[in-house]
Structure formats: structure tokens, C-alpha cells
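Subject: Structure handover

Hi,

Here is the structure I said I would pass on. Have a look at it first, and then read on for what turned up.

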Amino acid sequence: MNIQIINGPNLNLLGVREKSIYGNTNFDTYLEELRKRYANITINYYQSNVEGEIINKLHEIGFSYDGIVMNAGAYTHTSIAIADAIAAINTPVIEVHISNVHKREEFRHTSMLAANCKGVIAGFGMDSYRLAIENLLNG
């Protein structure tokens, strides 16, 4: 099984930025833990601060992977283009968020992507990624 994690803008700063919201762990450390826990599957990782690069990655893997776990960051609330890319591919996408976006600013309460995703997981910290992987594994 091949799963792709895609992180959007500013998520390269996890462990450094707004620790009260996003915690102290950087994503590379968490990714190592995920790969050890799920040693029987391939977990690939991609991060970009650029909308078009995220779309290109979705197009590249969206017909051959078993699942995509996507935290599009702020693009979640603004990108019709990413939503269209998700709708255009066959691979199921699960939208994840580290924070509970519904406890934050009003503009974060609306996802442009959710309608095209298999589901949304938010508010469980980094564990949101694990929960998404569990769902993809269990169908």
C-alpha cells in the first residue's frame, strides 16, 4: 500500500511556529514515528508552500496511490484549484488539520476541499495524520 502525505504552506515550520497551536514536534520526527508504526506500508511525504506545486503532486500520484492524507494549511480555506484537482483524481483524499479549525478564526471554519475528500479529521494534533492512515488502511 502506498500513501502520500501532502502538507501545504507553513507546515515546514512545525515545531517552531505557534507551538501553542501546533505543538513542539517537527514533522520529520513525527514522520519517522509513522513509518515505524506502519512499516508494512510505504508512506511518502511532500510539502510545498506553493499552490501549483501541490496541484502538480496531486496530478502525479492521484491515479496510482492507495490514499492521500492532505493538510493543505491555509489553502484549505481558499483554493478552488486544489479542490478541483482532488475532484479530478481517483485516489481517495482525507483532509487533516492539526488544530481544531472550528475553535479558531471564522475564516478557518470553511473548507473549499472537504466536499471532494473522503473525510475530514481535525483537532487531534499530529495524531490527525495517524487517524487518517488508519481509515485508509481499513477502507
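A quick definition before anything else: contact, or touching, here means heavy atoms within 4.5 Å. Also keep in mind that this is a predicted model.

**Around Ala132**

With that cut-off, and leaving out residues up to four places away in sequence, Ala132 touches Val69, Ile94, Val96 and Ile121. Ala132 sits in helix H5, which runs over residues 127–138. Is Ala132 buried or exposed? Its relative accessible area is 0%, so Ala132 is buried. For a C-alpha distance to check in your viewer, try Ala132 to Ile68: the two are 64 residues apart along the chain and separated by 8.9 Å.

**The aromatics**

There are four aromatic pairs in the structure. One of them is Phe27 with Tyr45, a stacked pair with 4.6 Å from centre to centre and 25° between the planes. Phe27 belongs to helix H2 (residues 27–37) and Tyr45 to strand E2 (residues 42–47), so this pair ties together parts that are 18 residues apart in sequence. Phe27 counts as buried at 4% relative accessibility, whereas Tyr45 is partly exposed at 24%.

Another pair is Tyr30 with Tyr129, whose ring centres are 6.1 Å apart; the planes are at 55°, so the pair is tilted. What does this pair tie together? Tyr30 is in helix H2 and Tyr129 in helix H5, so the link is between parts 99 residues apart in sequence. Both rings belong to buried residues, with relative accessibility of 8% for Tyr30 and 0% for Tyr129. Phe27, Tyr30, Tyr45 and Tyr129 together form one aromatic cluster.

**Two nonpolar cores**

As background, nonpolar side chains in soluble globular proteins tend to be buried together. In this model, the largest nonpolar core has 21 residues, and the members that touch the most others are Ile5, Phe27, Leu34, Ile43, Val69, Tyr129 and Ile133. Strand E1 (2–7), H2, strand E4 (93–97) and H5 are the elements that each give two or more residues to this core. Apart from that core lies another, of 17 residues, including Ile54, Ile82, Ala83 and Ile89.

Ile43 is a good residue to click on: not counting residues up to four places away in sequence, Ile43 touches Ile3, Ile5, Leu31, Leu34, Arg35, Tyr38 and Ile133.

**Helix H3 and its partner**

Which residues of helix H3 (residues 51–61) are buried? They are Ile54, Ile55, Lys57, Leu58 and Ile61. Viewed down the H3 axis, these buried residues fall within an arc of 160°, so they line one face of the helix. Asn56 and Glu60, on the other side of H3, are exposed. The cover over the buried residues of H3 includes E1, E2, strand E3 (67–71) and helix H4 (80–88).

H3 and H4 pack with their axes 9 Å apart, at an angle of about 0°. The two helices are therefore roughly parallel to each other. On the H3 side the contact is made by Glu51, Ile54, Ile55, Leu58 and His59, and on the H4 side by Ala81, Ile82, Ala85 and Ile86.

That's it from me. Shout if anything is unclear.

Cheers

Methods
Residues are numbered from 1 along each chain as its sequence is written. This is a predicted model: local features need pLDDT of at least 70, side-chain atom pairs count only at pLDDT 80 or more; totals for chains, interfaces and linings use all residues. Side-chain values use heavy atoms; hydrogens and water are left out. Helices (H or I, at least four residues) and strands (E, at least two) are DSSP runs, numbered from the N terminus. Buried means under 20% relative accessible area, exposed over 50%, partly exposed in between (1.4 Å probe, protein chains only). Rings of Phe, Tyr and Trp (its six-membered ring) pair if their centres lie within 6.5 Å; planes under 30 degrees apart count as stacked, over 60 as edge-to-face and the rest as tilted. A nonpolar core is a set of buried Ala, Val, Leu, Ile, Met, Phe, Trp, Tyr and Cys residues joined through side-chain atoms within 4.5 Å. The arc is that of the directions from the helix axis to the C-beta atoms. Axes are lines fitted to C-alpha atoms, for helices over the stretch in contact, and angles run from 0 to 180 degrees between N-to-C directions. Angles under 35 degrees count as roughly parallel, over 145 as roughly antiparallel, 65 to 115 as roughly perpendicular and the rest as oblique.
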